[in-house]
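Here are some worked exercises to try with the model open beside you. Have a go at each task before reading its solution.

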Amino acid sequence: MAHKLLDITPTPEVLVALTRTPISPLDALSELIDNAIDSFRAAEIAGKPSVVRHVVIEVPGSAAVDRGEGLIRVRDTGPGLSAEQIADAMRAGFTSKNHYDTLGLFGMGFNIATGKLGQITRVISARVGEQHALQVTLDLPKLIRDQAFEVQAETIERPPGLEHGTIVEVKGWWPHGDANHGFIKDVARMSKPTLRDRIGRRYATLLRGDAENPVKMTVNGEPCRGYEHCVWSPERYVERAGHGRIPARIAIDEELTRSRRCLKDGADFDGHDACPRCGGKDSREVAERIRGWVGIQRFDDASSFGIDLIRNGRAIRTEEKGAFFTYQDEVKGLSEREYPIDQQYGRIIGEVHLDHVPVDFQKQNFQTSTEEWQTAMKFLRGGSLLPSKWADGEKNTSPVSLLFQGYRKVRNFGRADMYMGKYDEAKGKAVRIPREVEREYLEKFRNKVDGYYDDAKWWELVETANEPPIEELPECEACGFQNIRGAESCGGCGAILIGTTCLSAECSQTIAKNADICPICGADQKPEISFPWTCTFCGGNNTPGLKQCASCGHLEGEPHPASPRALQAESDENTELSVTGLSIELCNGKATDALDVVVRNVHRPILTGPAQPAVPMVTDRSTGGITVYLHLGHSVFAAGLRPAYLVASEVAQYLYSLHQNLVGKPGHTMGTLTTQVLMQGWGDAVTENADTARQTIRALFASIVDRVIGIGQAGDFYAELSGEQQAAMANEMISSDVDLAELEHLKTGGYLKYCTPETLAAFFSRYPAVWFGGKVWSDPWPRADQLLPVAAEALQAELTTKYQRCLEDCASYLRYQQPERLIVIRARAAAEFLGDKLA
């Protein structure tokens, strides 16, 4: 049989195709930073560590980019590269790096990052001891014109100041019409302080690392500072029954196992002489070692918590929550959030290094299906965090579980739950410190102020939370006697401490404030005064001529603000809550007379008296039926109480009083009557019914699908669907008997009709901005051109988190067959919120 060699060298268009890979501006820049850091690690492994480890980053401004000028430059002070090493770095798909010591795991990363930023990449490298430098230029448009995968390595004079190391420069921004046009603008538009902060977060442990020879990074000449967590010190602790003393910071340094791994693809030799996957023989013994810490943040927050997961000094996941705080029930196939569940704020944080666990090629996440990842998670968090799910005789003693058992709740301010508080004299107990105080302390922590950078000042607010302040004893200026607080005259010499002027014009002497009789002239200090009109609100008497009550300011002749007359004029009928001809069956088997219940929405708080808190409703029974005036802005409704419950309780009270002959008989109770009124008057509309909630959520997702189909990014998201998402979509298409000839048409957005709610939530997470401003949600999207970039970014993150959580709550609810009542309430609340926000 004849054989013929086929040339399958890819065309230069492959490099351009790689530049279409979705990647964020920070990820693109990080690829170049990763390679710089790898040069330091390579020198260290070779036994010749770099004396200075510095990564110099230069990013152009928006004005230069708009003119088509400027360049991205990343320079390191490593040992430099040979011509072969430069060529390998530029070769698509090549990697000579092993899977365990470096950040730049994939050869394609360099091509994707540089090609996404610009058309032309130049690499200049000088090695120690060599007089000249090497220069290689990768011009993508020229490669396509020449149809060749060839670049020239030139020997040039060493650039001034480059003793050794490598410089990567990218320029030639992509023109209008190209898919990557504008990508460089996203980089340039980012404020340089923000960029430095984000780099400081991503490479925090490297920047804070070796004190003798730390890695330094600068952006446009200003240093990046490693992010620091505001965590309690290891000496702080709480005590819990069954667990004993649980420190606020738990150090981790554990070697789980060792194995011999292939340096090329990471496969386990498992006793073989060669790699069972690729046949290679280059290997090394790899320790599956987990190190770092988990602990408790000094403050709690709705989103700023979670554990940073780091690989070789680069944070792959920051503030990771799902891996640690969500329980995966493999038997039922459900995901259930376990923390925070006692309140909406969390405070478990940490930095955990997983150098041995592989990551995806974009380094946005770890490969969670690998044995390395699953073993690490079992060590760090174990199974369920909730003791109610532990098997008999078992206890979860993993680091994250210990913190959860000790610090899951923040209810007892002070030492009990280790949270800052202050003593409230009116309540006679500790209460939470204001958020403003926390922000002030955090700012001082960031500025490394003594006592705030360490936790000494923070701890003072924990220890003193339950200590009543020392009562002040006012000292008499005349004799120095210390009097009890509130004393009007000195107990030592009789001098006036709290005084007023005698009402007698002839006397006008200073006397004790509450004296009934002036001790000097004997004048009555509280004379009887009669007023010709009485205030309908506060009952105060007023002198003739006053148009407003001197006590409360209520207008003369105006009805009481909580009277039916006043409420009728400032309200509208609520037709959804009003019921005509309501009748229920009493315990004696007889039906009540038909009753009309009219509910009216009041447009202001309902006040029953001065200095009295507003009430949620007032009932009028003088109309032959019942009229209920509701103020839906009252806090009880914001807290989740349904208005129909209050209306039903008023109707039940009326019926209970109306049928006095049944008082004392079984079944004639307020609870029974209220239940019957609710079911007869409003039915399923007020019950937390699992099926009705499910129907509501399905209708919500149907409405969302109608809107997202027209979003342009739907076509991009189609190419990003995971295998699991594609399989679920295919099954739904099959069950819906979709004509396969329509597949090409469906790719632009129609496919979303067959996706799971979880996939829709993932689409939102990937492209949140395009859902707002009337596309799906009516809320506008905060834009950087309207606000300062930092403020816009913060508002965008807050808005995305709020909607994402509601979408996930609704999506996960549909998997439950018999959800608990609180889960039904939460899902219904999320659905109501999202439904109200639909454009």
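**Exercise 1. Decide whether cysteine 476 is buried or exposed, then find out whether it is in a disulfide.**

Keep in mind that this is a predicted model.

Step 1: start with accessibility. Cysteine 476 comes out at 2% relative accessibility, and buried means under 20%, so it counts as buried.

Step 2: look for a sulfur partner. The closest cysteine sulfur belongs to cysteine 490 and sits 3.7 Å away. A disulfide needs the two sulfurs within 2.5 Å, so this pair is too far apart for a bond.

Step 3: try another cysteine. For cysteine 502, the nearest cysteine sulfur is that of cysteine 521, at 3.6 Å, and cysteine 502 is in no disulfide. Cysteine 502 is buried too, with a relative accessible area of 4%.

Step 4: take the total. By this rule, the count is 0 disulfides.

**Exercise 2. Check the span of helix α24 against what is expected, then work out how α19 packs on α24.**

Step 1: get the expected span. Helix α24 covers residues 789-813, and at 1.5 Å a residue its 25 residues should span 36 Å.

Step 2: compare with the model. The end C-alpha atoms of α24 are 36 Å apart, so the two values agree.

Step 3: see what is covered. The buried residues of α24 include Ala792, Leu799, Tyr803, Leu807, Cys810 and Tyr813.

Step 4: bring in α19, residues 690-708. The axes of α19 and α24 come within 10 Å and cross at roughly 125°. That angle makes α19 oblique to α24, and the crossing is left-handed.

Step 5: list who touches whom. α19 brings Ala690, Ala693, Arg694, Ile697, Leu700, Phe701 and Ile704 to the contact, while α24 brings Leu807, Cys810, Ala811 and Tyr813. Leu807, Cys810, Ala811 and Tyr813 also appear among the buried residues of α24.

**Exercise 3. Classify the packing of α13 and α14 from the angle between them.**

Step 1: read off the geometry. Helix α13 (residues 435-446) and helix α14 (residues 456-463) pack at about 155°, with axes 10 Å apart.

Step 2: classify. Angles over 145 degrees count as roughly antiparallel, so that is the label for α13 and α14.

Step 3: name the contact. Val437, Glu438, Tyr441, Leu442 and Phe445 of α13 meet Lys457, Trp458 and Leu461 of α14.

**Exercise 4. Describe helix α2 and say what happens just after it.**

Step 1: α2 (residues 25-45) has 21 residues and reaches 31 Å from first C-alpha to last, close to the expected 30 Å.

Step 2: α2 is mostly covered, with 16 of its 21 residues buried.

Step 3: just after α2, glycine 47 takes a positive phi of about 85°.

**Exercise 5. Place two strand residues, threonine 218 and histidine 353, and list what they touch.**

Step 1: threonine 218 lies in strand β7 (residues 215-219). At 12% relative accessibility, threonine 218 counts as buried.

Step 2: threonine 218 is 163 residues from valine 55 in sequence, yet their C-alpha atoms are 6.6 Å apart. Leaving out neighbours within four places in sequence, threonine 218 contacts His54, Val55, Val56, Ile57, Pro223 and Cys224.

Step 3: histidine 353 belongs to strand β17 (residues 346-353) and is buried, at 8% relative accessible area. Residues up to four places away aside, histidine 353 touches Thr205, Arg289, Ile290, Arg291, Gly292 and Ile310.

Definitions and conventions: Residues numbered from 1 in each chain as written. Predicted model: local features only at pLDDT ≥ 70, side-chain atom pairs only at ≥ 80, totals over all residues. Heavy atoms only, no water. Helix = DSSP H or I, 4+ residues; strand = E, 2+ residues; numbered from the N terminus. Expected span 1.5 Å × (residues − 1). Buried < 20%, exposed > 50% of the residue type's maximum accessible area, 1.4 Å probe, protein only. Axes fitted to C-alpha atoms, helices over the stretch in contact; angles between N-to-C directions. Parallel < 35°, antiparallel > 145°, perpendicular 65-115°, else oblique. Left-handed = near helix turned anticlockwise from the far one by under 90°. Contact = heavy atoms within 4.5 Å.
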